[in-house]
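Me: Could you pick one part of this model and take me through it closely? I'd like to see where it leads in the rest of the chain.

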Amino acid sequence: MFGDDFSISQLAIPAVSVLISFLAYTSQYFFLRFESAPLQKDEVWKINIFALCIWICYFRACYVDPGRLPLDRKSITADQHEEERATGRRWCRRCSAYKPLRAHHCKTCKRCIPKMDHHCPWTSNCVSHFTFPHFIRFLFYAVIGMSYLETLLWERASIVWGSRNLPSYMGPSIGQLAHLFILFIVNSLTVFALFLLLVRSLYTLAFNTTTIESWEIERHETLVRRARVLGGQLDGPGGIKVRIKKQEFPYDIGIWTNIKQGMGGSANIFSWFWPLAATPDRRTGWEFETNGFEDAGSSWPPPDPDRIPWPVSRPDPSNSTLESYSSARETIEAFKRRQAEDMDRRRPFPEVQRRKRFHDRFQKEAHDSEEDRGPGPVYGDDSDEGEESWRNAEGERLRDFGVDEDVEFYDEDDVPLAVLMERRKQQQ
């Protein structure tokens, strides 16, 4: 029936557009024909002004570009590698570039999105540093406009209920009653859902977090609780120990500054509510002010043992126990094998072993003897049982926000050696 490239998400924007049209315009048709309480002129103006604001903000939330990695960030030289690592940036295998602070790789948009909040299925677009002001204005006007419509519908419904004992010919027709009932139910459910989303978005705005970062904060608190039980350290891949300590969220810099930054950097309160307000400057969104509670070398998100890649194939050059070879040919072949393994780290879907859930590993370690299980944590197969399937208190995973979990949980801390060699060759 549909083409091969069709997906159900392509119906989201038309469906929302139909919903807005149904509530904004068929309700006016009903009010104009409702003889007991016809629509007043000021009410017509208010409904249509709210509808216009909703249309403008929704269009911009859908079609404003959420941001993309600048080309100059993809041409980093090997000499700049250590400087990038010192700032806490990580390497994105999908983009073959350093991932900016607070950015995440969206599995739908196929790129790293600056200050990604989530990928909204109802706008078919990412809510990011550049689209968040339009998104929150859309929620604001939708809640205000539908709340006003709710009062008008409630007034008419009260009149119908008050005349329920009168003969049927003295009240609205069956069609009008059905129309009123559908309008009232659809509008009530929609405004309730959008009100909850607006409250959540205002909370993240006030504290300068994103939906994804709220998930990361809860994840970090879980790791801290686990580490306290296990002596302050958790096991990483290959038996390495990762020290976990409580770390404060670095981007909460005061409510006023948080709101100003989230609404495009403007201190003009009226511009926050103006539907045609400018999109944040495209030069912003890559660097963010911090509150200074943590050391300069710390970054967000904090260390997570399950985000360390497995296996770690690169040998330590300073290790004196490196394998030696009897001939030049064996040395060259070994180098080519290491180079091929290093190139594997660039693959979009690296073949990594995913770790079992923490509780499964902990219980197995507690019941098995040292001789039976050997050193290090227990690893499972490539299934949905890995620690990346951890859920927050609301049962959400990173993929529920549109994040590419394969990149987010099995990301690299540094640039693959093959990439640095290719760039150095190009420079020469």
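Reply: Let's start at Glu-155, which has a relative accessibility of 38% and therefore counts as partly exposed. Keep in mind that the whole model is predicted. Glu-155 makes a salt bridge with Arg-156, and the closest N and O atoms of the two are 3.4 Å apart. What about Arg-156, is it buried or exposed? Its relative accessibility is just 1%, so Arg-156 counts as buried. To make sense of those labels: a residue is called buried because its relative accessible area is under 20%, and exposed if that area is over 50%, with partly exposed in between. The pair has company too, since Glu-43, Glu-155 and Arg-156 are linked in a network of salt bridges. The general idea is simple: side chains of opposite charge can pair when their charged atoms come close.

The structure holds 13 salt bridges, and a good one to follow next is Glu-396 with Arg-200, where the closest N and O atoms are 3.5 Å apart. This pair connects distant parts of the chain: Glu-396 is in the loop between α11 (370-373) and α12 (405-409), while Arg-200 is in helix α5, 196 residues apart. Glu-396 has a relative accessibility of 16%, so it counts as buried. Arg-200 has a relative accessible area of 31%, which means it is partly exposed.

Now stay in that loop. Phe-401 also lies between α11 and α12, and with 5% relative accessibility Phe-401 counts as buried. What is Phe-401 in contact with, beyond its neighbours within four places in sequence? The list is Met-116, Asp-117, His-118, His-119, Arg-200, Thr-211, Ile-212, Trp-215 and Glu-396. Notice that both partners of our salt bridge, Arg-200 and Glu-396, are on it. Phe-401 and Cys-126 make another good example of folding: they are 275 residues apart in sequence, yet their C-alpha atoms are 9.4 Å apart in space.

Two of those contacts take us onward. Met-116 and Asp-117 touch Phe-401, and Met-116 and Asp-117 are also in contact with Thr-210. Apart from neighbours within four places in sequence, Thr-210 has contacts with Arg-102, Lys-115 and Thr-204 as well. Thr-210 sits in the loop between α5 and α6, and a relative accessibility of 2% makes it buried. A polar atom of the Thr-210 side chain lies 3.0 Å from the backbone nitrogen of Glu-213.

Moving into α6 itself brings us to one more charged pair, Glu-221 with Lys-246, whose closest N and O atoms are 3.9 Å apart. Again, distant parts of the chain are joined: Glu-221 is in helix α6 (residues 211-229), and Lys-246 is in the loop between β8 (241-243) and α7, 25 residues apart. Glu-221 counts as partly exposed, with 32% relative accessibility. Lys-246 is partly exposed too, with a relative accessible area of 41%.

That loop points us to α7. Which residues of helix α7 (residues 255-262) are buried? They are Asn-258, Ile-259, Gln-261 and Gly-262. They are on the same side of α7, because they cover an arc of only 165° around the axis. And what covers them? The cover includes α4 (132-162), α5 (174-206) and α8 (269-273). Just after α7, Gly-264 takes a positive phi of about 95°.

Since α4 is part of that cover, here's one last stop that involves it. The whole structure has 14 aromatic pairs. One of them is Tyr-58 with Phe-138, a tilted pair with 5.1 Å between the centres and 45° between the planes. Tyr-58 is in helix α2 (residues 41-63) and Phe-138 in helix α4, 80 residues apart. Tyr-58 is buried, with a relative accessible area of 3%, and Phe-138 counts as buried at 9%.

Finally, step back to the whole chain. The protein chain has 13 helices and 8 strands, and 45% of its 428 residues are buried. The links we followed fit a wider count: among contacts with a separation of 6 or more, 74% are between residues 24 or more positions apart.

How values were computed. Residues are numbered from 1 along each chain as its sequence is written. This is a predicted model: local features need pLDDT of at least 70, side-chain atom pairs count only at pLDDT 80 or more; totals for chains, interfaces and linings use all residues. Side-chain values use heavy atoms; hydrogens and water are left out. Helices (H or I, at least four residues) and strands (E, at least two) are DSSP runs, numbered from the N terminus. Buried means under 20% relative accessible area, exposed over 50%, partly exposed in between (1.4 Å probe, protein chains only). Contact means heavy atoms within 4.5 Å. The arc is that of the directions from the helix axis to the C-beta atoms. A salt bridge is a side-chain nitrogen of Lys or Arg within 4 Å of a carboxyl oxygen of Asp or Glu. A polar contact is a pair of N or O atoms within 3.5 Å; within protein, one must be able to donate a hydrogen and the other to accept it, and residues adjacent in sequence count only if both atoms are side-chain atoms. Rings of Phe, Tyr and Trp (its six-membered ring) pair if their centres lie within 6.5 Å; planes under 30 degrees apart count as stacked, over 60 as edge-to-face and the rest as tilted.
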